[in-house]
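Good morning, and thank you for coming. Please look at the sequence and the structure as they appear, and then follow along with me.

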Amino acid sequence: MGAVAVSRQQRWLAFLRVVVANRLAAAGLVVIVLLALAAIFGEFLAPYPPSDLDVTSRLQPPSGAHPFGTDELGRDVLSRVIVGARVSVQVAAIAVGISLVAGVLTGLVAGYYGGRVDTVLMRLMDVLFAFPAILLAIAILAVLGPGLTNAMIAIGVVFTPIFARITRASVLSVREEVYVRAARSLGASDARLIALHVLPNVLAPVIVQTSISLAFAILNEAALSFLGLGVQPPRPSWGRMLFEGRGFVRQAWWMAVFPGAAIFVTVLSFNVLGDALRDALDPRQKSAIEARGGGGPA
Amino acid sequence: MLLGVSVLVFLLVHLVPGDPIRTAMGPRYDPEVYQRLSERAGFDQPLPVQYGQWLAGAVTGDLGVSFRTGRPVMGALLERLPATLTLAFASVVVALLIALPLGVLSAVRSGSKLDYAATVFSQVGISIPDFWMGILFILVFAEYLQILPASGYASLLDDPVAWLRHLLMPAVTIGVVSGSILTRFVRSSVLESLGQDYVRTARAKGLSERVVVTRHVLRNALIPFVTVTGLQLATLLGGVIIVEFVFAWPGLGLLALQAVDARDYTVLQGAVLLIATLFLLINLVVDLLYAWLDPRIKY
């Protein structure tokens with residue numbers, strides 16, 4: 001156990017080193033920290049209450065008083081972008097949480113037991129994988145009805161197969177390792193074997209996938225809200241703001257440009273950080289890049 | 001696989017809480033029409049029987065009728081299919097036009113400024129929401145410069161110039177996103193190919209770098225690239241749905257979204273089934289193409 005702990009600590013140190021050395025990854029981390037702050041303290045940070053209507057200042061272009069301008073109801077766009085971070089973070093965290101738990105469990109069980117259990121579970125995952133992600137999410141929301149909670153469930157279901165596949169693939173290679181066989185011969189139960197010996201050793205690719213999935217979850221939530229299926233007004237969300245801004249593109253470009261930029265910068269940060277995480281936690285990937293004579297900037 | 005997909009799509013209508021026909025008819029409820037639609041849909045039968053009937057119909061091209069308009073679903077789908085295929089195909093062309101030159105150049109000149117620029121481009125392309133990019137394009141090219149139409153569709157046969165003008169923005173929107181992902185794969189598969197022994201041999205026998213790259217590297221780098229392009233084509237279908245919405249492009253994606261909005265579940269069911277079938281077909285073709293390109297692979 002001690003050896004595992006040390007190597008895990010080393011990996012996190014390696015990750016921190018990568019982040020510090022790589023300015024891009026550091027910038028990504030800063031953005032994500034700011035995002036988290038906006039999600040938690042949004043109302044206190046926003047210069048105006050996000051839902052305050054002011055018909056006297058409708059469709060105002062960016063100015064000192066309203067740096068991102070105002071929308072068709074006179075609401076401050078900057079305040080809505082700040083408070084809108086909460087929805088993105090909430091949906092991304094819960095949706096990816098759902099798929100992480102469901103997918104890793106499925107992958108562990110399928111990979112560990114093999115045989116018919118594996119066939120049934122993975123065929124089920126294949127069926128979910130046979131749809132373009134956003135189409136499946138739209139179909140699920142058509143059944144469940146639009147809304148924030150249902151959007152989380154839909155995105156969670158859509159992302160489950162990828163976690164199941166990644167986990168299963170790692171389990172298959174770990175299952176036959178000497179330490180697993182040794183523990184089994186000592187009489188360890190399946191549950192104990194899976195929890196203590198298999199799971200910790202399949203986590204690295206899962207962690208990398210989590211950061212990638214967070215980026216895609218934010219993108220998908222925004223898309224669903226943009227299509228009117230996610231967060232419902234008046235609650236501010238970036239996707240919904242973009243949808244509303246689209247109707248005013250001619251009169252008020254700022255209504256669509258700033259919420260979209262917020263989505264873009266957030267997703268970019270998660271992706272850049274995900275790359276850094278991959279370099280640090282997935283040594284095989286790292287050596288593959290090194291073998292090719294440098295992978296360029298991460 | 002297709003069978004599993006069909007079960008899931010079939011259940012779509014049956015998982016809707018309440019009566020889907022009544023919901024779809026809304027305020028225009030008419031007991032006589034309701035009776036006819038409900039008999040036609042066979043809702044009084046047990047679920048497995050309904051599934052069998054629905055599947056038998058689907059195989060012969062009968063996907064039922066719209067609960068809202070009463071028109072056959074298949075007709076509506078076939079009307080929209082060409083627009084979606086046009087957009088998907090044009091987007092792939094744009095993606096390849098970006099990814100092939102950029103990926104090859106950045107691999108051959110690995111570590112150069114161009115390589116760095118290509119990496120930044122692909123990172124940006126992967127992270128940018130396609131619907132936002134579409135809106136930005138509308139803002140710049142339709143509102144400010146006024147050189148392209150903001151939305152809509154024109155038939156190729158009626159007016160080729162209008163067709164191209166309408167197609168350009170949506171195709172570039174999807175193409176940039178797919179192209180940025182493909183650039184990474186082209187780069188890495190060319191880099192891998194560059195490190196092979198046969199490349200060293202080709203160089204050692206005095207071939208010019210150009211010949212080495214075009215004749216030896218590219219041909220071998222093509223194999224994994226075909227798979228990725230195929231998979232991208234499949235995921236691109238997802239992007240098509242949203243971009244159709246942004247540009248009011250009258251394809252299957254827009255039809256599906258309109259069906260969600262109108263609670264027209266049979267149309268939604270048909271659109272989802274057709275898009276998922278296209279998705280699986282593309283994957284099948286990719287697998288076959290893969291085996292054809294690389295004779296070492298046997299199925």
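Helix α6(A) bends by about 30 degrees at F159(A), and a proline, P161(A), follows within four residues. The bend at a residue is the angle between axes fitted to the seven residues ending there and the seven starting there. Helices (H or I, at least four residues) and strands (E, at least two) are DSSP runs, numbered from the N terminus. How far apart are the end C-alpha atoms of helix α6 of chain A? They are 39 Å apart, which agrees with the 40 Å that its 28 residues, 148-175, should span at 1.5 Å a residue. The expected span is 1.5 Å times one less than the number of residues.

A word on the model itself. This is a predicted model, in which local features need pLDDT of at least 70 and side-chain atom pairs count only at pLDDT 80 or more, while totals for chains, interfaces and linings use all residues. Residues are numbered from 1 along each chain as its sequence is written, and chains are lettered from A, and ligands numbered from 1, in the order in which they are written. The pLDDT is the predictor's confidence in each residue, from 0 to 100. Chain B averages 85, and 98% of its residues score at least 70. Among the elements of chain B, helix α2 (residues 20-25) has the lowest mean pLDDT, 73, and helix α7 (residues 130-144) the highest, 93. Where pLDDT is low, the predicted coordinates should not be read in detail. For the complex, the predictor gives an ipTM of 0.86 and a pTM of 0.86.

Let us turn to chain B as a whole. It has 12 helices and zero strands. Its C-alpha atoms fill a box of roughly 85 × 55 × 35 Å along the principal axes. Of its 299 residues, 42% count as buried. A residue is buried if 20 or more other C-beta atoms lie within 10 Å of its own, exposed if 12 or fewer, and partly exposed in between, with C-beta atoms placed from the backbone.

Next, the contact between the chains. Two residues are in contact if their C-beta atoms, placed from the backbone, lie within 7 Å. Chain A brings 37 residues to the contact and chain B brings 42 residues. On the side of chain A that touches chain B, α10(A) gives the most, with eight residues. Which kinds of residue make up that side of chain A? There are 27 nonpolar, five polar and five charged residues. Here Ala, Val, Leu, Ile, Met, Phe, Trp, Tyr, Cys and Pro count as nonpolar, Asp, Glu, Lys and Arg as charged, and the others, Gly among them, as polar.

Helix α11 of chain B, residues 252-262, is mostly covered, with eight of its 11 residues buried. Among these are L254(B), A256(B) and V260(B). The buried residues of α11(B) pack against α5 of chain A, and also against α5, α10 and α12 of chain B. One of them, A256(B), appears again in the largest nonpolar core: of its 175 residues, A137(A), A256(B) and A271(B) touch the most other members. A nonpolar core is a set of buried Ala, Val, Leu, Ile, Met, Phe, Trp, Tyr and Cys residues joined through C-beta atoms within 7 Å. Leaving aside neighbours within four places in sequence, A137(A) is in contact with A154(A), I155(A), V158(A), N220(A) and L224(A).

Just after α11(B) comes R263(B), in the loop between α11 and α12 of chain B. Is R263(B) buried or exposed? It counts as buried, because it has 20 C-beta neighbours inside 10 Å. R263(B) is not a glycine, yet its phi is positive, about 55 degrees. L59(A), in the loop between α2 and α3 of chain A, also is not a glycine and has a positive phi of about 50 degrees. L59(A) is partly exposed, with 15 other C-beta atoms within 10 Å. Most residues other than glycine have a negative phi, and most peptide bonds are trans. A cis peptide bond, with omega about 10 degrees, joins P233(A) and P234(A). P234(A) sits in the loop between α8 and α9 of chain A.

I close with A234(B), in helix α10 of chain B. With 20 C-beta neighbours inside 10 Å, A234(B) counts as buried. A234(B) and I282(B) are 48 residues apart along the chain, and their C-alpha atoms are separated by 6.4 Å.
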